[in-house]
Amino acid sequence: MTGTTIKKTTKRAKAEPKTAAPDLQADDTGVEVAPAGNELDKRELIAKVVERSGVKRRDAKPAVEAMLAILGETLAEGRELKLPPFGRLKVNRIKQMGDKRVIITKLRQGTAPAERPAAGDETATAAE
């Protein structure tokens, strides 16, 4: 067939609305995970802090490094973190594996401000 295109049409079931970030993918068990290589490293974090805050890199770097050290120490102690808008990070378990420590955590985050209904929004319920 030259110049002819055949288009198949099938009925699709209604898709459920996505609630996760678009860059997350479901693994074999249905748990949503970020694709490999999608890590935020310290260099990129410092660059984002500089961009968002407007401070110079030489000022942001020691503050970010100190904050990361404090967060790491706090988690190693098994303490819970309550850091809005980041969320609430609770330590479930700490396992020692050789010379490394594995900390199993649970992160609970509120909905993003853009996703929350406005105070005067008619879709907001009276219970809010």
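Where does Thr74 sit in this protein? Thr74 has its place in helix 2, and it returns in one of the close-up views below. Please keep in mind throughout that this is a predicted model.

**View 1. The whole chain combines 2 helices with 5 strands.** To get your bearings, follow the sequence from its start: the elements come in the pattern β-β-α-α-β-β-β. The protein has 128 residues, of which 7% count as buried. Take the contacts between residues at least 6 apart in sequence: 5% of these join residues at least 24 apart.

**View 2. Helix 1 and helix 2 pack against each other at an angle of about 125 degrees.** Helix 1 covers residues 42-53 and helix 2 covers residues 57-76, and their axes lie 9 Å apart. An angle of about 125 degrees falls outside the range of 65 to 115 for roughly perpendicular and is not over 145, the mark for roughly antiparallel, so the two helices are oblique to each other. Helix 1 passes helix 2 in a right-handed crossing. On the side of helix 1, look for Lys42, Leu45, Ile46, Val49 and Val50. Helix 2 answers with Arg57, Ala60, Lys61, Val64, Glu65 and Leu68. By character, the residues of this contact divide into 7 nonpolar and 4 charged, with no polar ones.

**View 3. Here is Thr74 of helix 2 with its surroundings.** Is Thr74 buried or exposed? Its relative accessibility is 11%; since buried means under 20%, Thr74 counts as buried. Leaving aside residues up to four places away in sequence, Thr74 touches Arg79 and Leu81.

**View 4. Gly78 lies in the loop between helix 2 and strand 3.** With a relative accessible area of 37%, Gly78 is partly exposed, because that value lies between the 20% limit for buried and the 50% limit for exposed. Which residues does Gly78 touch, not counting those up to four places away in sequence? They are Val91 and Ile94. Ile103 is also worth finding in this view: Gly78 and Ile103 are 25 residues apart along the chain, and their C-alpha atoms are separated by 8.6 Å.

**View 5. Three strands make an open sheet in the order 3-4-5, with antiparallel pairing.** Strand 3 (81-83) and strand 5 (100-108) are the edge strands, each pairing on one side only. From one strand to the next, the twist averages 25 degrees. As a reminder for reading this view, strands of a sheet pair through backbone hydrogen bonds, either parallel or antiparallel.

**View 6. Strand 3 runs antiparallel to strand 4.** How many bridges join strand 3 to strand 4? There are 3, and strand 4 spans residues 87-97. To place yourself on this pairing, start from Lys82, which stands opposite Arg88 in strand 4.

**View 7. Strand 4 and strand 5 form a hairpin.** These antiparallel strands are joined by 9 bridges. A handy landmark is Lys90, whose bridge partner in strand 5 is Lys106. At the turn, 2 residues lie between the strands. Gly98 is in this turn, and its phi is positive, at about 70 degrees.

Conventions. Residues numbered from 1 in each chain as written. Predicted model: local features only at pLDDT ≥ 70, side-chain atom pairs only at ≥ 80, totals over all residues. Heavy atoms only, no water. Pairing = 2+ DSSP bridges. Helix = DSSP H or I, 4+ residues; strand = E, 2+ residues; numbered from the N terminus. Axes fitted to C-alpha atoms, helices over the stretch in contact; angles between N-to-C directions. Parallel < 35°, antiparallel > 145°, perpendicular 65-115°, else oblique. Left-handed = near helix turned anticlockwise from the far one by under 90°. Contact = heavy atoms within 4.5 Å. Nonpolar A, V, L, I, M, F, W, Y, C, P; charged D, E, K, R; others polar. Buried < 20%, exposed > 50% of the residue type's maximum accessible area, 1.4 Å probe, protein only.
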